[in-house]
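Colleague: I'd like a close look at a single part here, the place where the ligand sits. Could you walk me through the residues around it?

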Amino acid sequence: MIHDSNTRTAVVTTVIKTTPAFISKAQELAEELGAPFVLRKKYSIPVIQERAQVEAVFVCGNRLELYMNGQMFFYHPGMATIRIKRLLRGEEDPLLRISQLQAGDTVLDCTAGFASDAIVFAYAVGREGKVKGIESEPWITYLVKKGLHMGYPEFPELDEAMRRVRICQGSHEEHLASLPDKSYDIVYFDPMFRRTVAQSAGIDLLREIGNDHPLTTDTIRQAMRVARKRVIVKERFFSSEFERLGLTKVEKGAMNIAYGYIDL
Ligand SMILES: C[S@@+](CC[C@H](N)C(=O)[O-])C[C@H]1O[C@@H](n2cnc3c(N)ncnc32)[C@H](O)[C@@H]1O
């Protein structure tokens, strides 16, 4: 059984209409996760789950799916699709405006999640830039890594940006502590909100298994050491986090979202 950081258990199988390629993909994933591989045969997901006594089932087919709590999750770049379309039309993106990013810049996204923001950063910094995302939860990391790797061939600009994002599994606290001073232009945080905001399927999974620990002032201090230009935090407009973390608040966007920053 695999355990994520909250000790959840899972097995890996394939879609019912399987192929040798799906089976070997599933076995590979099971091996990587240290999880049992289960032949799907004709069994339904609830039966597999019941027999294996696990909370979740990863299903390999054309895409990777995760079944949990009677719901199915798969990777989708989410709002990154719409945001890149808007940028291509010449419209502004609030996060990019606050980041003041230029082509060739580097970004450390400390809360990668489904990597929508990371993809938009990758689009903005272009081929010469670099975007690295840190995600603490192994299951989310897996879905996102596989999803980014599949890309989005029908939308070349999005596809290219998705393929440029590098995701690492681990805690941003540890990752930041290991980095030299001034090693990224921007260090970005989008922590789980203290209260829920209705969102897409991807975000629902984040709500289910995302790490919801608040940022600490120590983490912000480390981020200020690692960033060359700005540290940016996304929060709800009325959140007291801006004041607690010493951030200058800007922008009240859609759904009461705001950004806070510290210039360096
Ligand atoms: C609100 S989501 C980020 C969404 C993301 N900006 C996007 O565009 O899809 C926050 C994510 O950060 C992760 N996270 C929270 N604390 C973390 C930490 N200390 N280290 C690494 N990842 C963390 C959560 O597991 C969750 O997936």
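Modeller: Here is a tour of the ligand's surroundings, with a short stop at one helix afterwards. Keep in mind that this is a predicted model.

Let's start with the shell. The ligand has 23 residues around it, and the closest are D117, E135, H172, D190 and N211. Sorted by class, that shell holds 9 nonpolar, 9 polar and 5 charged residues. Where in the fold do they come from? Helix α5, strand β6 (130-135) and helix α8 (172-178) each give at least two residues to the shell.

Now for the polar contacts made by the backbone. A polar backbone atom of F114 is 3.0 Å from an oxygen atom of the ligand. Nitrogen atoms of the ligand come into it too: one lies 3.1 Å from a backbone N or O atom of S136, and a polar backbone atom of H172 is 2.9 Å from a ligand nitrogen. So how much of the ligand is covered? On its own, the ligand has 600 Å² of accessible area, and the protein covers 94% of that.

One of the elements that supplies the shell, α5, also turns up elsewhere. Take helix α7, residues 156-164, whose buried residues are L158, D159, A161 and M162. Those buried residues pack against α5 (116-125), and also against α3 (79-88), α6 (138-150) and β7 (165-169). If you follow α5 on screen, then, you can trace both stories: α5 gives residues to the ligand's shell, and α5 is packed against by the buried residues of α7.

Key: Residues are numbered from 1 along each chain as its sequence is written. This is a predicted model: local features need pLDDT of at least 70, side-chain atom pairs count only at pLDDT 80 or more; totals for chains, interfaces and linings use all residues. Side-chain values use heavy atoms; hydrogens and water are left out. Buried means under 20% relative accessible area, exposed over 50%, partly exposed in between (1.4 Å probe, protein chains only). Helices (H or I, at least four residues) and strands (E, at least two) are DSSP runs, numbered from the N terminus. Contact means heavy atoms within 4.5 Å. A residue is near a molecule or strand if one of its heavy atoms lies within 4 Å of it. A polar contact is a pair of N or O atoms within 3.5 Å; within protein, one must be able to donate a hydrogen and the other to accept it, and residues adjacent in sequence count only if both atoms are side-chain atoms. Accessible areas come from the Shrake-Rupley method with a 1.4 Å probe; for residues, only the protein chains shown count as cover. Ala, Val, Leu, Ile, Met, Phe, Trp, Tyr, Cys and Pro count as nonpolar, Asp, Glu, Lys and Arg as charged, and the others, Gly among them, as polar.
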